[in-house]
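Here is a friendly walk through the charged pairs and strand pairings of one model. Please have a look at the sequence and the structure first.

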Amino acid sequence: MKRELILLVLLISAFLAIGCAEKQPLALINETAASPANGTSATATGGKIVDVSIQSFAFEPNSVKISIGNTVKWTNLDSAPHTIKGADFTSKSLNKDDSFSYTFTKTGTYDYECSIHPSMKGVVIVE
């Protein structure tokens, strides 16, 4: 009984310590060798991750609508390299299966393109 009580107190202390830790928003994340999950998932900070695939020299979907604090994750599925370049963010050159993520912290419309292939365009709308 004492052992369970001690374990419970330790668990509660750990949860309190984690909850009191300073949380800083994600700003810019580069990832490699990741595969898209086609859809959305949650981030550690509570925002959602919206996946955008790069395939057949196009962004799919080419327009996404998200909330403040959400992250867009682009994953290159083409064999050709691509980039993601917007006014507020720029990725490195992404080879096949490489990813780039950006967390949006302000409302607005964010147009972007591939700087290697400027005809590839997309938009993120943050509400």
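The report below covers the salt bridges, then the strands around them.

This is a predicted model, in which local features need pLDDT of at least 70 and side-chain atom pairs count only at pLDDT 80 or more, while totals for chains, interfaces and linings use all residues. Residues are numbered from 1 along each chain as its sequence is written, and side-chain values use heavy atoms, with hydrogens and water left out.

**Salt bridges**

A search of the whole structure finds three salt bridges (a side-chain nitrogen of Lys or Arg within 4 Å of a carboxyl oxygen of Asp or Glu). Here they are, with their N to O distances.

| Lys partner | Acidic partner | N to O distance |
|---|---|---|
| Lys65 | Glu127 | 3.8 Å |
| Lys92 | Asp98 | 3.7 Å |
| Lys121 | Glu113 | 3.0 Å |

How exposed are the partners? The scale is relative accessible area: buried means under 20%, exposed over 50%, and partly exposed in between (1.4 Å probe, protein chains only). Lys65 and Glu127 are both exposed. In the second pair, Asp98 counts as buried because its relative accessibility is 10%, whereas Lys92, at 36%, is partly exposed. Glu113 has a relative accessible area of 25%, so this residue is partly exposed.

**The strands around them**

Strands here are DSSP runs (E, at least two residues), numbered from the N terminus, and two strands pair if DSSP finds at least two bridges between them.

The bridge between Lys65 and Glu127 links distant parts of the chain, 62 residues apart: Lys65 lies in strand β5 (residues 63-66) and Glu127 in the segment after β10 (121-126). Strands β5 and β10 run parallel and are joined by four bridges. Within that pairing, Lys65 stands opposite Ile125 of β10.

Strand β10 also pairs with β9 (residues 108-113), this time in the antiparallel sense and over six bridges. Here Glu113 stands opposite Lys121 in β10, and these two residues also form the salt bridge with N and O atoms 3.0 Å apart.

**Thr109 in β9**

Which strand holds Thr109? Thr109 is found in β9, and it counts as exposed because its relative accessibility is 54%. Contact means heavy atoms within 4.5 Å; leaving aside residues up to four places away in sequence, Thr109 touches Val123, Val124 and Ile125. Thr109 and Ile125 are 16 residues apart in sequence, with their C-alpha atoms 4.5 Å apart in space.
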